[in-house]
Structures are given as C-alpha cells and as structure tokens.
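Reader: I am new to this structure. Please take me closely through one aromatic residue and its surroundings. What should I look at?

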Amino acid sequence: MKKKILSILMAAAMLLSVCALTACGSQEEPAPAEEGTETTEPAEAGEFTTVTEGVLTMSTNAAFPPYEMTNDAGEFEGIDVEIAQAIAEKLGLELQVDDMDFDAALMAAQNGKSDMVMAGVTVNEERLAVMDFSDSYATGVQVIIVKEGSDVTLDNLGDQMIGVQRGTTGEIYCTDDYGSEHVTSYDNGITAVQALQNGQVDCVVIDKAPAQAFVEANTGLTILDTEYVTENYAIGFAKGNTALVEAVNAALAELTEDGTIQTILDKYISAE
C-alpha cells in the first residue's frame with residue numbers, strides 16, 4: 001500500500017513539473033513573425049483634451065465670407081467651417097461652431113473657452129506672445145475696397161479715413177502705418193463696408209476673398225488693383241496646448257496630402 005501511494009505521488013510530481021515547463025492551462029503565445037513580414041503597432045494618439053469631451057469647439061466670427069458665414073437656413077458654412085469639420089472627423093470628434101465678434105473669438109481660444117479659433121486668423125508677433133498656432137492652411141491678401149470713381153490709391157491711403165474690422169491684422173497694419181486717427185474699427189467687415197457706402201470712411205482694408213464677396217453683393221464698389229499685404233492663415237489655440245496643436249497639425253497634413261484642403265479652397269475661391 002505504501003509503495004502504491006508513493007508511485008501516485010511521484011506521478012503527480014512529474015505532471016506538475018511538465019506543466020511548469022510547458023505552461024499548462026495558459027494560452028499559447030503567438031508565434032514569432034516570419035522573416036520579411038512586418039508587425040504593426042497601433043499608433044499612439046496624442047493625449048489631448050477638449051473643452052467638452054467628444055467635441056471640438058471652434059470660435060469664429062461668421063461674417064467673413066467665404067471663410068465663415070451663415071446661409072439662409074442660419075447654418076454655418078465656408079472654408080474654415082469645412083476644414084474644421086474635416087479636422088474634427090480625423091480626430092473622431094463632433095464639431096461645434098461658436099459665433100462671436102472677432103476679438104472675442106480670439107480671446108475664447110486664448111482663455112480656453114474654445115478649443116481653437118478659425119476666422120481668417122493670421123500669425124503675428126503680438127498673437128504669438130499669447131497663443132499657439134497650427135501650420136498655415138491658406139494664404140490671405142489684404143486689399144482695399146473703394147467706391148467706383150474714387151481717387152483713393154495705395155500711395156495716398158494715409159490721407160484717407162480707413163475702415164477696418166476690429167482685431168484684424170488689417171486694423172493693426174493700418175494703425176501702425178497711418179496712425180489711429182486715420183482708422184475706424186467696426187465689429188465685422190459687413191459693417192465696415194456699410195460705413196463706406198454711407199460715406200463715413202473713404203475705403204475699407206480687408207482680406208481679398210471677403211472683399212470680393214462684399215463687392216459682388218454691393219453695387220458701386222470696387223477693389224484697387226494694388227494689394228496691401230500678403231499673409232498666411234492658421235488656427236489659434238491656448239498657449240501651451242501642445243498636444244491639441246500637434247493633433248490638428250497631423251490632421252491638416254493628411255487633409256493637405258489627400259487634396260481635401262485644396263478642394264475646399266477651390267469650392268469657395270475661383271482660380272484667377
């Protein structure tokens with residue numbers, strides 16, 4: 001009887017030893033990849049956060065056609081809106097557009113009230129001091145709107161009363177070049193153009209694309225042939241929001257590479 005028990009114990013011990021060596025009861029480890037085949041690790045997404053989880057909030061001034069405006073149904077549309085929508089989709093987020101004055105749109109992004117600002121925003125030293133920016137996605141040109149038959153030229157611009165949109169680089173450039181006494185600022189481009197029509201200012205300095213839209217919609221206005229200044233548009237973020245900037249830049253790169261950005265630009269701006 002003792003010999004039988006001893007035999008059983010020795011058999012059990014041998015079974016345990018085999019299990020220890022062969023990982024009995026555990027899942028089989030994947031076989032190593034054959035030579036010449038690639039194993040792809042999932043790309044690590046940047047750990048960015050947004051103001052509202054699952055939502056990309058864009059502050060803008062929707063009175064700047066063709067970059068941002070509202071249609072007859074009150075819906076937001078335009079170059080910036082469509083690019084922002086494409087970026088949101090790349091990031092797996094829903095886009096929310098918050099419309100406000102241009103200055104307020106900049107401050108919303110700067111203070112983290114929105115995730116980003118897109119409103120035909122150009123990068124300059126003053127803004128770089130308080131905000132971070134994406135790579136440029138479009139080029140803007142500042143032009144001068146005048147009444148047909150006007151004697152206003154680029155050479156005598158400093159003798160005129162210039163209408164601009166508050167907070168824009170047009171306001172900054174004109175104030176720096178000609179002094180604040182020659183500049184009247186308005187909440188948006190539409191109001192500035194109305195002031196020109198009413199004789200309150202002699203001209204309006206604003207980006208070329210919206211200028212063309214304003215001239216087309218208002219008889220008796222024209223754009224001077226001479227361009228005032230050329231600049232690049234970018235997306236603004238709160239200072240130090242590096243993870244979101246990097247994620248948006250990656251999305252912009254993909255959208256540029258696959259032609260989406262150019263398709264959107266061509267949709268709203270005719271080739272000249």
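## A close look at Y67

Author: Start with Y67. Y67 is buried, with a relative accessible area of 2%. Buried means under 20%, so this value qualifies. Keep in mind that the model is predicted.

Now look at the rings. The structure holds 2 aromatic pairs. One of them joins F64 and Y67. Their centres are 6.0 Å apart, and 35 degrees separate the planes. That angle is neither under 30 degrees nor over 60, so the pair counts as tilted. F64 is buried, and so is Y67.

Next, turn to Y67 and Y233. Their ring centres lie 4.9 Å apart. The planes stand at 85 degrees, so this pair is edge-to-face. Where do the two residues sit? Y67 is in the loop between strand 1 (55–60) and strand 2 (69–70). Y233 belongs to strand 12 (residues 229–233). The pair therefore ties together parts that are 166 residues apart in sequence. Y233 is buried as well, with a relative accessible area of 1%.

Put the rings together. F64, Y67 and Y233 form one aromatic cluster.

From here, follow F64. F64 helps line the largest cavity. That cavity holds about 60 Å³ of space. Other residues of its lining include F102, A119, R127 and E231. By class, the lining has 3 nonpolar, 5 polar and 3 charged residues.

A search of the whole structure finds 2 cavities of 30 Å³ or more. The second largest has a volume of about 30 Å³. Q142, Q165, T168 and D207 line both cavities. The lining of the second largest cavity also includes G170, V205 and I206. Strand 10 (residues 203–207) gives the most to this lining, with 3 residues. The classes here are 2 nonpolar, 4 polar and 1 charged.

Last, check the confidence. The protein averages a pLDDT of 86, and 82% of the residues score at least 70. Residues 1–45 are another matter, with a pLDDT below 50. Beyond near neighbours in sequence, this stretch has 2 contacts in the model. Where pLDDT is low, the predicted coordinates should not be read in detail.

So where should your eye rest? Return to the cluster of F64, Y67 and Y233. Trace the tilted pair from Y67 to F64. Then trace the edge-to-face pair from Y67 to Y233. From F64, step on to the largest cavity.

Technical notes:
Residues numbered from 1 in each chain as written. Predicted model: local features only at pLDDT ≥ 70, side-chain atom pairs only at ≥ 80, totals over all residues. Heavy atoms only, no water. Phe/Tyr/Trp six-rings, centres within 6.5 Å; stacked < 30°, edge-to-face > 60°. Buried < 20%, exposed > 50% of the residue type's maximum accessible area, 1.4 Å probe, protein only. Helix = DSSP H or I, 4+ residues; strand = E, 2+ residues; numbered from the N terminus. pLDDT = per-residue confidence, 0-100. Contact = heavy atoms within 4.5 Å. 1 Å grid on protein atoms, 1.4 Å probe; cavity = no way out; pocket = protein on both sides within 12 Å on 5 of 7 lines; lining within 4 Å. Points joined across faces, edges and corners; volume = space filled by probe spheres on them. Nonpolar A, V, L, I, M, F, W, Y, C, P; charged D, E, K, R; others polar.
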